[in-house]
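Trainee: Could you take me through one part of this model closely, namely the second largest pocket, and then set that pocket in the context of the rest of the assembly?

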Number of protein chains: 2
Amino acid sequence: MITENGKTQRIEPRSGVAVELNEGDYLTIFDPEGMQVSDLVAVARHDAREIISNGRTFDYEETTRLTSGSRLWSNRSNPMLRIVEDTVGTHDFLLTPCSKATFEHFYPDQPVHRGCFGNLAEALAPYGVEPDAIPTAFNVFMNVPLKADGSLSVEPPVSKPGDFIRLRAEMDLVVGLTACSAYASNGGSFKPIDYRVDPAESDG
Amino acid sequence: MITENGKTQRIEPRSGVAVELNEGDYLTIFDPEGMQVSDLVAVARHDAREIISNGRTFDYEETTRLTSGSRLWSNRSNPMLRIVEDTVGTHDFLLTPCSKATFEHFYPDQPVHRGCFGNLAEALAPYGVEPDAIPTAFNVFMNVPLKADGSLSVEPPVSKPGDFIRLRAEMDLVVGLTACSAYASNGGSFKPIDYRVDPAESDG
C-alpha cells in the first residue's frame, strides 16, 4: 500500500497494513487511545529475504532496551530503521507476534484469532514474504519486563493516549504494522493504532 | 552427515557440522576444554522452512534462561528440542552467530572470519537452508549477562572441562552445530566442541 504522505492513517483494531517507505522517510506510530501495542516487521523492499532481526539488533546495539538513537538491524547486518523520537521508551523485541497457536496456548477459553502473525502474513504476502519467514517483530509500546532470573511477563503498556515513536527509514522498506490482537499485550482491550509517513524531503 | 551413534565426535575449532536426529534421539554437547561456545540451529528435517525461533521459545517458556526442562520451539510453534540435562545452566538465545560483518564491527584489527554464521550456512546448505534464513542460534555455554537497564555484554563462558548439555529431539531434525569462532565469546581462544548422538531406543 502506498501511504498518502503526511496524512495520519488508522489501523483498525486487530488488523494490519503494509507501508512502503523510501530511504529517509519518517514513519510515526501513534497510540491514539493509550495502552495499545503495534507489531512491526521491516523488510528490504528490493529483496524480501533481507528482514528485521532481533538478534542482530541486540548484537550491534548491545542492549535489549531500544529507544531514541537506537537502530533496528537486518539479518544482513544493515540498519533498517533508526528511532529518532520516542515518548514511551518501553518496547519489546523478545516475543513473537500472537498467532492462532499462541491464542490456543495462552487463551484456551477465548475464540481463536489469527493475531498479529496472521495480519502481518497477509499484509506482507504481496511483497514475497512467506509466513515462515516472519521473524520476531519489534513490538512497539509492548511492555515485557525481564526479571534478574531471566523470567519475563507481558504487562499492560505504559503508553498514554497520543504517545508515539518516530523512526527514520535507513533503506527502502516495506513495513508490516498491526494493531495488536492479543488480550494480555494491551491490557485486555482492542484498540486502533495510527501512523503517518513524512517523506524524506520534509523536516520529518 | 549421519553421525555414528554412541560415538563422541569432535568439531574442530572455528568449524561446524550438521547432525541428523530422529525424534527421540539424544544429542549431548560437551565442552571438552572449558570456556567454549557452540551455536546450535535446529531445522525440521522434512521441511527446512520450519526452524528454531528464540521469540517463540521465549513466548512459551516465559523465560530467557533456558536449562533442564526447557524446550526450544520452532517458528511454527512446535517443540524441537528438550533440555534433559545441563551441567552449566548458562546459555544465550539473544545474539546471532558471529559473521564476517560482526567480525568487522567488533574486531576491526583482527583478520575477518566467516564465523559461526558461515559455518552454519555451509553445514545447513545441503538441507535447503538459505543463509538469510539462519536465525538467532541457541548459543550453548555462551554467557551474556543482561543488566536491569537492558544492556548486555559477552563474557567468558562459565563452563568447565567436561561440562555438557543433553537435548532430546522432539521431532526429526537436522541440527547445525559449531565450535565458536569469535574472540569475546570464548575468552579469547578457539577450542573444539564434542558431541554424541544416542539413539531413541537407548536410555540416552
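Mentor: In this predicted model, the second largest pocket has a lining of 34 residues, and those nearest its centre are Leu146(A), Lys147(A), Thr64(B), Leu146(B) and Lys147(B), so that both chains are represented at the middle of the lining. The space in this pocket comes to about 630 Å³, and its lining divides by class into 16 nonpolar, eleven polar and seven charged residues.

That Leu146 and Lys147 appear from both chains can be read beside the relation between the two copies. Chain B is laid on chain A by a turn of 180 degrees with a shift of 0.0 Å along the axis, and the RMSD of that fit is 0.0 Å. The two copies are thus related as by a two-fold rotation axis. As for the interface, 100% of the interface residues of chain B are interface residues in chain A as well, so the copies meet through the same surface.

The largest pocket, for its part, has a volume of about 980 Å³. Its lining counts 47 residues, and the closest to its centre are Asp132(A), Ala133(A), Ile134(A), Asn75(B) and Ala133(B), which again come from both chains. By class, this lining holds 20 nonpolar, 16 polar and eleven charged residues. Among the helices, α1 (54-61), α2 (100-106) and α3 (115-124) of chain A, along with α1 (54-61) of chain B, each supply at least two residues of the lining of the largest pocket, and the largest share, three residues, comes from α1(B).

Turning from the pockets to the fold of one chain, chain B contains an open sheet of four strands, in the order β2-β9-β4-β7 and with antiparallel pairing. Its edge strands, each of which pairs on one side only, are β2 (16-21) and β7 (138-140) of chain B, and from one strand to the next the twist averages 25 degrees. Within this sheet, β2(B) pairs with β9 (residues 173-178) of chain B in the antiparallel sense over six bridges, and Leu21(B) has Leu173(B) as its bridge partner in β9(B). Across β2, β4 (38-44) and β9 of chain B lies helix α3 (residues 115-124) of the same chain, which runs at about 150 degrees to β9(B).

How values were computed
Residues are numbered from 1 along each chain as its sequence is written. Chains are lettered from A and ligands numbered from 1 in the order in which they are written. This is a predicted model: local features need pLDDT of at least 70, side-chain atom pairs count only at pLDDT 80 or more; totals for chains, interfaces and linings use all residues. Side-chain values use heavy atoms; hydrogens and water are left out. On a 1 Å grid over the protein atoms alone, a cavity is a set of points where a 1.4 Å probe fits but cannot get out, and a pocket is an open set with protein on both sides within 12 Å along at least five of seven lines; lining residues have an atom within 4 Å of a point. Grid points are joined across faces, edges and corners, and a volume is the space filled by probe spheres set on the points. Ala, Val, Leu, Ile, Met, Phe, Trp, Tyr, Cys and Pro count as nonpolar, Asp, Glu, Lys and Arg as charged, and the others, Gly among them, as polar. Copies are superposed by least squares on the C-alpha atoms of residues with pLDDT of at least 70 in both. Contact means heavy atoms within 4.5 Å. Two strands pair if DSSP finds at least two bridges between them. Axes are lines fitted to C-alpha atoms, for helices over the stretch in contact, and angles run from 0 to 180 degrees between N-to-C directions.
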